[in-house]
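Visitor: I would like a close look at the surroundings of the ligand, please. After that, do take me outward through the rest of the model.

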Amino acid sequence: MAAGESEHWRSNLSNLLSTQQWPEDFKPIVTKLSNGERLSKSDGRFLFNTSDLDSLGQIAYFSKMARYEDQVFFNVNVHINQTNICTLACRFCAFRRGRRADDAYAMEIEEYVSDLRNYADHVDEVHSVGGLHPEWNVEHYSKLFTRVKEQFPNIHIKALTAVEIKHISKLSSLSVRETLQKLKDAGLGSLPGGGAEILDDEVRAIICRGKESSEEYLEIHQTAHELGIPTNCTMLFGTIENIDQRLDHLIKLRELQSITSGFQCFVPYPFLPDDSRLPEAQLATGTEILRVIAVSRLMLDNIPHIKAYRMNIGDEVAELALQYGADDIDGTVQKESIMHLAGSNAPLDHGKAQLAKLVINSGSKPVQRNTIYTSFEEYILPKVPAVQRLRMAAGD
Ligand code: SF4
């Protein structure tokens with residue numbers, strides 16, 4: 001098993017697909033999947049355009065079941081966004097502030113450590129991304145990570161998106177490789193996937209001008225993988241992209257993964273419109289989110305995990321996404337700014353039990369994992385005392 005995945009998943013999938021009759025127009029895709037063949041861009045086009053969401057979802061769910069049976073993974077993390085000061089101004093971003101804004105903030109190292117201390121006894125990961133601070137170079141982040149590791153050696157640091165790495169390396173006059181190596185030496189454990197948006201430079205020029213190019217995003221992740229730093233990858237959809245651009249995005253990630261095997265997890269999330277600056281965005285509905293999850297599961301045959309990012313899509317859709325091919329749900333979170341400023345209403349402070357309930361309601365078994373998917377433990381929901389159950393019933 002790699003990353004918790006059954007090594008026999010292709011034959012498991014073939015068996016599962018053979019248990020059902022499929023609509024005529026799905027048969028070529030079912031045959032390919034049964035034979036262990038990779039789906040093409042035109043297969044992806046069909047899946048994005050079919051009106052038969054049930055069949056699409058069922059095939060994606062079988063693909064998830066073939067790998068993990070009824071397990072759904074989660075970890076216990078806290079998100080700390082270290083600064084909202086950013087030298088860029090991506091059009092979809094409701095989080096960034098100019099340095100002089102009244103609500104601009106930049107956490108000093110000790111402030112960050114003391115904030116993390118509030119969660120340190122029950123989280124095993126800190127997820128930190130933020131703005132491109134004009135002065136924080138590799139020395140700053142090395143000091144921060146060293147300090148975190150001194151204080152909390154068991155907490156995994158998943159931090160800094162590709163554009164932050166590019167910015168830090170430029171500020172420090174170092175190559176991306178040297179920057180990543182220094183950060184790894186200081187305690188950086190993995191990179192989140194944020195900032196991929198859509199890997200199409202025409203779209204990027206409109207929604208996030210000045211950010212790393214598609215090629216740079218892929219190069220930074222490739223360099224991280226070569227240095228033994230696992231990463232996640234993402235896709236922001238529902239801005240101005242078309243279906244072919246989404247598919248090109250997925251195929252670029254799949255091609256890099258064929259070289260490095262360094263992506264752990266793919267996290268698709270829709271653009272949230274509130275309070276940001278992209279009025280022409282198409283926005284994604286609930287079924288569109290489920291469709292993207294399902295298509296991602298089927299197109300990304302070499303990326304082990306597909307995440308339902310409840311912070312962005314909300315608890316209700318996240319629960320459904322677990323029946324459309326997602327095998328992972330993020331997370332307990334506790335504290336988060338970026339998605340909430342952009343309009344997310346997802347509850348922040350989920351304990352393990354609340355998260356596990358979402359998983360169980362979707363018909364799956366919650367399994368707590370570490371960040372890098374090397375340790376797994378089934379989570380058993382604590383029994384609710386009878387008296388509490390009665391009180392809840394009386395309050396209905
Ligand atoms: S998305 Fe990131 S890089 Fe772009 S403006 Fe927001 S904080 Fe800055």
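Guide: With pleasure. A word on classes comes first: Ala, Val, Leu, Ile, Met, Phe, Trp, Tyr, Cys and Pro count as nonpolar, Asp, Glu, Lys and Arg count as charged, and the others, Gly among them, count as polar. Please also keep in mind that this is a predicted model.

Around the ligand you will find Cys-86, Leu-88, Ala-89, Cys-90, Cys-93, Phe-95, Arg-96, Gly-131, Leu-132, Val-163, Cys-208 and Lys-211. Sorted by class, this shell has nine nonpolar residues, one polar residue and two charged ones. The charged residues are Arg-96 and Lys-211, and Gly-131 is the polar one.

Now let us step back to the domains. The chain is divided into domain 1, residues 9–68, and domain 2, residues 73–378. Their C-alpha centres are 28 Å apart, and 17 residues of domain 1 are in contact with 17 residues of domain 2. On the domain 1 side of this contact, the elements that give two or more residues are helix H3 (41–49) and helix H4 (53–68). H4 gives the most, with ten residues. By class, that side of domain 1 divides into nine nonpolar, three polar and five charged residues.

Inside the protein, the largest nonpolar core has 106 residues, and those with the most contacts within this core are Phe-266, Ile-293, Ala-308, Ala-321, Tyr-324 and Ile-329. Helix H12 (286–299) gives this core its largest share, eight residues. Both domain 1 and domain 2 give residues to the core, so it lies between them. Tyr-324 is a good residue to select in your viewer. Setting aside residues up to four places away in sequence, Tyr-324 touches Gly-57, Ala-60, Tyr-61, Leu-290, Ile-293 and Ala-294. In soluble globular proteins, nonpolar side chains tend to be buried together.

A few loop residues deserve a visit too. Glu-69 sits in the loop between H4 and strand S1 (71–74). Its phi is positive, about 50 degrees, although Glu-69 is not a glycine. Glu-69 counts as exposed because just 12 other C-beta atoms lie within 10 Å, and 12 or fewer is the cut-off for that label. Tyr-373, in the loop between strand S10 (365–369) and strand S11 (376–378), also has a positive phi, near 55 degrees, without being a glycine. Tyr-373 counts as buried because it has 20 C-beta neighbours inside 10 Å. Asp-121 belongs to the loop between helix H5 (109–117) and strand S3 (125–128). This residue is exposed, with 7 other C-beta atoms within 10 Å. Asp-121 and Phe-152 are 31 residues apart in sequence, while their C-alpha atoms are 9.2 Å apart in space.

Finally, the whole chain. It has 16 helices and eleven strands. Its radius of gyration is 21 Å, close to the 21 Å from the globule rule for 396 residues, so the chain is as compact as a globular protein of that length. The C-alpha trace spans about 60 × 60 × 40 Å along its principal axes, and 48% of the 396 residues count as buried. Of the contacts between residues at least 6 apart in sequence, 77% join residues at least 24 apart.

Methods. Residues are numbered from 1 along each chain as its sequence is written. This is a predicted model: local features need pLDDT of at least 70, side-chain atom pairs count only at pLDDT 80 or more; totals for chains, interfaces and linings use all residues. A residue is near a molecule or strand if its C-beta atom, placed from the backbone, lies within 6 Å of it. Helices (H or I, at least four residues) and strands (E, at least two) are DSSP runs, numbered from the N terminus. Domain bounds come from an automatic or database domain assignment. Two residues are in contact if their C-beta atoms, placed from the backbone, lie within 7 Å. The radius of gyration is taken over C-alpha atoms; the globule rule is 2.2 Å times the number of residues to the power 0.38. A nonpolar core is a set of buried Ala, Val, Leu, Ile, Met, Phe, Trp, Tyr and Cys residues joined through C-beta atoms within 7 Å.
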